[in-house]
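Here are some comments on the model you sent, set out as numbered points. They deal with one strand and its partners, then with the cysteines, and last with the enclosed space.

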Amino acid sequence: MTGGDSHHAAELEAAVARWNGLGLARPQVAVVAGSGLDVSFGATVAGPFALADWLPFPVHAVAGHALTFELVDGGRHRLLHFRGRLHAYQGFEPGQLVFPVRLAARLGAGVLVVTNAAGGIGRVARAGALVAIADHLNQTGLNPLRGRLPESWGPQFPDMVDAYDAALRRRLAAHAEALGIPLEQGVYAGLLGPCYETPAEVEALRRAGADLIGMSTVLEVIAARQLGLRCLGLSLVTNPAAGSGAATLDHEEVLEAGRAAAGRVEALLRALLDDPELVADR
Ligand code: HPA
């Protein structure tokens, strides 16, 4: 009796064996890049691979979301760069949508960098604002650690106090300052979606401490923390969350805001990914 979601543990090992069988190098860092935040971090060493070819379940693409990954020479570090991600609102189980993160971890990545598009609340309710995620509220009602998991993946009850690594956030802030890129810090509320929030929901989340609202990231970070990865999250605010702005929310506008900010996101993340302190010596 597992009493839970399918975690595809055996298929994960098969994917690791396939990677190794291709003679590919082990990544040190995983990057999961969200909606429209399609930037480049260096020379492609292997791939791009269609993510669908590496997943043990069928996927369908959402308009505007690519689904590929590649091994990248980021200069100082080797990166496994996922362009696009799976979302729970598409119908994926938590254990499915974190498969790429678990694959990166099993291939050797010790750091997870996630980006996303988010609605902003209060002081960050401004399209174009970049916000380092300091903490999250998992409002999805889902959890990738539910059910019986291989013991080798780590504790089933991982501590989430430092889910978003403070040292990585300090390095990001230092690079932002050096580059003259304004960067805020904030709490990200991860919701199931796919509809946007009602004004009452936004107000409730604001009172609960949220600065950002999105439909990704929290499950990936939970899975990564179980596996011991240090996590950094960067949100691009694409719109004031519902009720705090004048306009009606539109998926295409969210994607367009991502494209408009791609240059700043690329400069900032390239600096972080080239930081000698990114991967701590162990
Ligand atoms: N809410 C939820 N997810 C989002 C939003 C939003 O306002 N903007 C971009 N992703």
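**Notes on the predicted model**

1. Leucine 130 stands opposite leucine 236, a residue of strand β9. This is a predicted model, and the pairing belongs to the contact between β9 and strand β6 (residues 130–138), which run antiparallel to one another over three bridges.

2. Strand β9 also pairs with strand β5 (residues 111–120), here in the parallel sense and over ten bridges; within this pairing, glycine 120 has proline 240 of β9 as its bridge partner. Strand β9 itself, spanning residues 230–240, is mostly covered, with ten of its eleven residues buried.

3. Are cysteines 195 and 231 buried or exposed? Cysteine 195 is exposed, at a relative accessible area of 59%, whereas cysteine 231 is buried, at 1%. A search of the whole structure for disulfides finds zero.

4. There are two cavities of 30 Å³ or more in the structure, and the largest has a volume of about 80 Å³. Its lining is made up of 13 residues, of which Ala88, Leu97, Met215, Ser216 and Leu219 are the closest to the centre. Helix α6 (residues 218–226) supplies the largest share of that lining, namely three residues, and by class the lining divides into eight nonpolar, four polar and one charged.

5. The second largest cavity holds about 40 Å³ of space, and the residues lining this cavity include Val32, Phe82, Arg85, Leu97 and Glu220. Its lining divides into six nonpolar residues, one polar and two charged.

Definitions and conventions. Residues numbered from 1 in each chain as written. Predicted model: local features only at pLDDT ≥ 70, side-chain atom pairs only at ≥ 80, totals over all residues. Heavy atoms only, no water. Buried < 20%, exposed > 50% of the residue type's maximum accessible area, 1.4 Å probe, protein only. Helix = DSSP H or I, 4+ residues; strand = E, 2+ residues; numbered from the N terminus. Pairing = 2+ DSSP bridges. Disulfide = S-S within 2.5 Å. 1 Å grid on protein atoms, 1.4 Å probe; cavity = no way out; pocket = protein on both sides within 12 Å on 5 of 7 lines; lining within 4 Å. Points joined across faces, edges and corners; volume = space filled by probe spheres on them. Nonpolar A, V, L, I, M, F, W, Y, C, P; charged D, E, K, R; others polar.
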